[in-house]
Amino acid sequence: SPLKSLWKKTDARQRIAREVFDAIVLQEDLPETTVESFQEYAGRFHEHIKASGSGARTVLLMTWPYRRLGWIWTDGIAEEHWKAAARLGVEVAPAALAWQRVEAIRPDIRLYDDDEEHPSVCGTYLAACVVFATLW
């Protein structure tokens with residue numbers, strides 16, 4: 001779900017306020033939403049995380065483009081994540097850049113599932129490795 005939906009339609013804010021986390025990883029569904037919405041709600045969530053007093057780190061998970069949509073590609077997704085990270089003072093888990101590299105050097109590894117949007121098992125593993133490396 002886009003961060004806007006998580007902000008408005010779930011109990012995510014309440015959970016952040018009442019539970020203890022070391023890090024909170026925010027994943028925007030950027031190809032399905034807008035850059036403006038991403039920037040706004042990443043900021044809202046980060047401010048809420050800081051206000052919770054838990055000391056949790058905010059991490060932005062940079063995900064891959066959706067081939068079926070084609071309006072934003074890896075370079076644009078990366079640019080928006082780096083902008084948000086610099087503005088907010090947070091970290092980025094650059095899974096999209098890892099995908100781009102794997103696709104360039106090992107095109108035989110299938111990162112997308114059949115819908116060309118969600119990750120395959122290999123894509124999921126790669127994204128998890130990037131998140132792990134970012135957090136630790």
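**Helix α6 and its setting in the fold**

In helix α6, the buried residues are G123, L126, A127, V130, V131, T134 and L135. Around the helix axis these residues cover an arc of only 170 degrees, which puts them on the same side of α6. The model is a predicted one, and the points below start from this helix before turning to the whole chain and to one residue in a loop.

**Helix α6**

- The helix comprises the 15 residues from 121 to 135, and because a rise of 1.5 Å a residue would have them span 21 Å, the distance of 21 Å between the end C-alpha atoms agrees with that expectation.
- The other side of α6 carries exposed residues, namely V121, Y125, F132 and A133.
- The partners against which the buried residues of α6 pack are the strands β1 (23-27), β2 (57-61) and β3 (91-93), together with the helix α5 (95-105).
- Where α6 starts, the backbone nitrogen of C122 has a side-chain oxygen of S120 within 3.3 Å.

**Overall fold**

- The protein chain contains six helices and three strands, and read from the N terminus its elements follow the order α-α-β-α-β-α-β-α-α.
- With a radius of gyration of 15 Å, close to the 14 Å that the globule rule gives for 136 residues, the protein chain is as compact as a globular protein of that length.
- Taken along the principal axes, the box filled by the C-alpha atoms of the protein chain is roughly 45 × 30 × 25 Å.
- When contacts in the protein chain between residues at least 6 apart in sequence are considered, 70% of them join residues that are at least 24 apart.

**Burial and surface**

- Buried residues make up 43% of the 136 residues of the protein chain.
- The area that the protein chain exposes is about 7500 Å², and 54% of this area is supplied by carbon and sulfur atoms.

**T33 in the loop after β1**

- The loop between β1 and α3 (35-51) holds T33, and this residue counts as buried because its relative accessibility is 15%, where the cut-off for burial is under 20%.
- Once neighbours within four places in sequence are left aside, the residues in contact with T33 are P2, E28 and W71.

How values were computed. Residues are numbered from 1 along each chain as its sequence is written. This is a predicted model: local features need pLDDT of at least 70, side-chain atom pairs count only at pLDDT 80 or more; totals for chains, interfaces and linings use all residues. Side-chain values use heavy atoms; hydrogens and water are left out. Helices (H or I, at least four residues) and strands (E, at least two) are DSSP runs, numbered from the N terminus. The expected span of a helix is 1.5 Å times one less than its number of residues. Buried means under 20% relative accessible area, exposed over 50%, partly exposed in between (1.4 Å probe, protein chains only). The arc is that of the directions from the helix axis to the C-beta atoms. Contact means heavy atoms within 4.5 Å. A polar contact is a pair of N or O atoms within 3.5 Å; within protein, one must be able to donate a hydrogen and the other to accept it, and residues adjacent in sequence count only if both atoms are side-chain atoms. The radius of gyration is taken over C-alpha atoms; the globule rule is 2.2 Å times the number of residues to the power 0.38. Accessible areas come from the Shrake-Rupley method with a 1.4 Å probe; for residues, only the protein chains shown count as cover.
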